[in-house]
Amino acid sequence: LHVYECQWDKSHSPCGMHIEGDQASVTDHLARFHGFTGGEGDTACLWDGCTSKKRGAMKGTSIARHLVTHIGYKIKCTACNVDYARED
């Protein structure tokens with residue numbers, strides 16, 4: 001089990017809670033503790049220090065997948081032994 005510190009910065013103060021790094025856990029945390037429900041509309045990444053060029057214009061449904069890159073969560077492919085941020 002790997003946990004990571006949440007840096008979602010809604011009020012100029014990163015959350016600081018610890019969450020599991022997989023996409024499902026990140027989605028659950030955002031909904032439960034930050035009121036974020038995603039959706040198809042454009043939204044901003046509020047992760048402290050995010051420098052993504054898409055920071056203010058990504059789909060709400062993509063935020064959890066994007067945050068996994070901030071956290072550094074990796075999945076090792078058993079076929080090629082390469083680390084990836086996502087299973088797909």
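This briefing describes the salt bridges and the cysteines of the structure shown above. The model is a predicted one, and it holds 3 salt bridges, while the count of disulfides comes to 0. Side chains of opposite charge can pair when their charged atoms come close, and the first group of points below looks at where such pairs are found.

**Salt bridges**

- Within helix H1, which spans residues 23-34, the side chains of Asp28 and Arg32 meet in a salt bridge, with a distance of 3.6 Å from N to O.
- Asp28 and Arg32 are 4 residues apart, which is about one turn of the helix.
- The two partners of this pair fall into separate classes of exposure, since Asp28 is partly exposed with a relative accessible area of 39%, whereas Arg32 is exposed with a relative accessible area of 59%.
- A further salt bridge joins the side chains of Lys59 and Asp42, where the distance from N to O is 3.4 Å.
- This pair links distant parts of the chain, for Lys59 belongs to strand S4 (residues 58-59) and Asp42 to strand S3 (residues 42-43), and the two are 17 residues apart.
- Lys59 counts as partly exposed because its relative accessibility is 39%, while Asp42, at 53% relative accessibility, counts as exposed.
- Lys76 and Asp83 also form a salt bridge, and their closest N and O atoms are 3.1 Å apart.
- In this pair Lys76 is partly exposed, with a relative accessible area of 46%, and Asp83 is likewise partly exposed, at 42% relative accessibility.

**Cysteines without a disulfide**

- A disulfide is a covalent bond between the sulfur atoms of two cysteines.
- The count of disulfides in this model is 0, and Cys15 is in none, the nearest cysteine sulfur being that of Cys6 at a distance of 3.9 Å.
- The cut-off for a disulfide is a pair of cysteine sulfur atoms within 2.5 Å, and therefore the 3.9 Å between the sulfur atoms of Cys15 and Cys6 does not qualify.
- As for its surroundings, Cys15 is partly exposed, with a relative accessible area of 25%.
- Cys80 is in no disulfide either, and the nearest cysteine sulfur, which belongs to Cys77, is 3.5 Å away, so this pair too does not meet the 2.5 Å cut-off.
- Cys80 is partly exposed as well, with a relative accessible area of 40%.

How values were computed: Residues are numbered from 1 along each chain as its sequence is written. This is a predicted model: local features need pLDDT of at least 70, side-chain atom pairs count only at pLDDT 80 or more; totals for chains, interfaces and linings use all residues. Side-chain values use heavy atoms; hydrogens and water are left out. A salt bridge is a side-chain nitrogen of Lys or Arg within 4 Å of a carboxyl oxygen of Asp or Glu. Buried means under 20% relative accessible area, exposed over 50%, partly exposed in between (1.4 Å probe, protein chains only).
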